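The following exercises ask the reader to work from a sequence and a set of coordinates towards a description of individual sites. Each task is followed by a solution in steps.

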Amino acid sequence: MILILKPDISPDSRFYKRLEAHLQNLENIEYRVHHVQGAEQKLTEIYLIGHTSALSIEEMRAFQAVDHVVRISEEYRVLGRHKDDKRSSSFSYNGVEFGQHNLNIFAGLCAVDSPESVEAMMSALKDHGQVCTRMGAYKPRTSAYSFQGHGKNCLPYVFELAGKYDIKVIAMEVTHESHVAEIDAALDATGRPTGVMLQIGTRNTQNFELLKSVGRQREFPVLLKRGFGITLDESLHAAEYLASEGNQKVIFGLRGMKTNIGDPHRNMVDFAHVPVVKRLTRMPVCIDPSHSVGARFRCPDNILDILHVTAQGVIAGANMVLVDFHPDPSVALVDGPQALRLDELGPFLEDVAIVREAFEKRQALFR
Ligand code: PEP
Ligand code: MN
């Protein structure tokens, strides 16, 4: 059961204390308090865990501190959608809004290789009015002998250039909790010119200790990629690890499933799950067409498969697109074959805008 308290209620208030005293006396029930900072107000949610079936909704609603009560029917307690659930499905971070109602594009480098590439990328993004990007500093690689990313050494110039080109949010994968501290320290050292969305990659979807530590910090939002060889349900449970530790700013990423049934694509494109994740949870849904398709295949209509699958995700209501670009894909240190070129950024964004408009028309048709 979730108790959503009246907006902006203070823990020192009489009504809050009365509720707290009641909760402390309930047998076989534990509670956890979550604070959610919304665009306009701060919300307090109390999660009751244990023998809650004995509790009556009316009784809990009668407390003056309580605004409304949600009985949890599904297993994704914090991030799931439940009956009569009016909790928000959006959050804002560093001035950028993320939610199930809008769309953000994160075009950028799969892996940071040089300051020149970062600058060329960010300058192109600014020219096209973009404020988000992807920049991989810590790269999980199949081979121990492959380039693993420049790690913390590249962070100062990545963040400074982001400030120069007005980039507000950088999606950056972390594979160990120490990377979060390194990112935080580098942001401090550069005067916090930008924001970071921590990305947990498909190889770490069920790295529960990493999920718990990333979930314990509340500053950075998190993009959790779906596990490439597990069920959707298992990946959604993984997202819940982040939220159960306190961080509800979670975006769920679809990036294709590992199976040769999807050949010749690198992974089996799974964007049919965009509306499924939006129905089951309150998370905004990201699609990653680059890691799904994995190559610059081109259809006779002259449209790249990467753009075709992007369109498939966007027309189904995707809320974020994570896509690899590189100023010169032939020299990229990671995933060059799937990178789009900077001269393709404009047409890519235009194509997405066309499809997003079509999605909005579809929504209006069925509203
Ligand atoms: C990436 O986005 O750079 C990446 C490694 O993705 P995934 O975890 O989906 O393979
Ligand atoms: Mn990659």
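## Exercise 1: A strand residue and a loop residue

Leu198 belongs to strand 10, which covers residues 195-200. The model examined here is a predicted one.

**Task.** Determine whether Leu198 is buried or exposed, and state how far Leu198 lies from Ala171 in sequence and in space.

**Solution.** Begin with accessibility: a residue counts as buried under 20% relative accessible area. Leu198 has a relative accessibility of 0%, so it is buried. Next, compare the two distances: 27 residues separate Leu198 from Ala171 in sequence, while their C-alpha atoms are 6.0 Å apart.

**Task.** Locate Thr194 and identify the backbone atom that lies 2.8 Å from a polar atom of its side chain.

**Solution.** Thr194 is placed in the loop between helix 5 (177-189) and strand 10. Its relative accessibility is 5%, and Thr194 therefore counts as buried. The backbone atom in question is the oxygen of Ile167.

## Exercise 2: The manganese ion

**Task.** Which protein atoms are the donors of the manganese ion (ligand 2), and how are the donor residues spaced in sequence?

**Solution.** The donors are SG of Cys110, NE2 of His291 and OD of Asp335, at 2.0 to 2.4 Å from the ion. Written as a pattern, the spacing of these residues is C-x180-H-x43-D. Cys110 is in the loop between strand 7 (104-108) and helix 3 (115-127), and Asp335 is in the loop between strand 14 (320-324) and helix 11 (345-366); the pair therefore ties together parts that lie 225 residues apart in sequence. Finally, Cys110 is buried, because its relative accessibility is 5%.

## Exercise 3: The surroundings of ligand 1

**Task.** Identify the polar contacts that Arg134, Thr202 and Arg255 make with ligand 1, and state how much of the ligand the protein buries.

**Solution.** The residues surrounding ligand 1 include Cys110, Arg134, Thr202, Arg255 and His291. Of these, Cys110 and His291 are also donors of the manganese ion (ligand 2). For a polar contact, the two N or O atoms must lie within 3.5 Å. Arg134 places a polar side-chain atom 2.7 Å from an oxygen atom of ligand 1. Arg255 likewise uses a polar side-chain atom, at 2.6 Å from a ligand oxygen. Thr202 instead contributes a backbone N or O atom, 2.8 Å from an oxygen atom of ligand 1. Ligand 1 exposes 290 Å² when taken alone, and the protein buries 97% of that area.

## Exercise 4: Aromatic rings

**Task.** How many aromatic pairs does the structure hold, and why is the pair of Phe98 and Phe106 classed as tilted?

**Solution.** There are four aromatic pairs. The ring centres of Phe98 and Phe106 are 6.1 Å apart and their planes stand at 40°, so the pair is tilted. Planes under 30 degrees apart would count as stacked and those over 60 as edge-to-face. Phe98 is buried at 1% relative accessible area, and Phe106 is buried at 0%. Together with Phe91, these two residues form one aromatic cluster.

## Exercise 5: Backbone geometry

**Task.** Where does Asp84 lie, and which residue is joined to Pro264 by a cis peptide bond?

**Solution.** Most residues other than glycine have a negative phi, and most peptide bonds are trans. Asp84, although not a glycine, has a positive phi of about 60°. Asp84 lies in the loop between strand 4 (66-70) and strand 5 (90-93) and is exposed at 55% relative accessibility. The cis bond joins Asp263 to Pro264, with omega at about 10°; Pro264 is in the loop between strand 12 (250-254) and helix 8 (274-280).

Key. Residues numbered from 1 in each chain as written. Chains lettered and ligands numbered in written order. Predicted model: local features only at pLDDT ≥ 70, side-chain atom pairs only at ≥ 80, totals over all residues. Heavy atoms only, no water. Phe/Tyr/Trp six-rings, centres within 6.5 Å; stacked < 30°, edge-to-face > 60°. Buried < 20%, exposed > 50% of the residue type's maximum accessible area, 1.4 Å probe, protein only. Donors = N, O, S within 2.8 Å, 3.2 Å for Na, K, Ca; no water. Helix = DSSP H or I, 4+ residues; strand = E, 2+ residues; numbered from the N terminus. Near = heavy atom within 4 Å. Polar contact = N/O pair within 3.5 Å; in protein donor to acceptor, adjacent residues only side chain to side chain. Areas by Shrake-Rupley, 256 points an atom, 1.4 Å probe, with all protein chains shown as cover.
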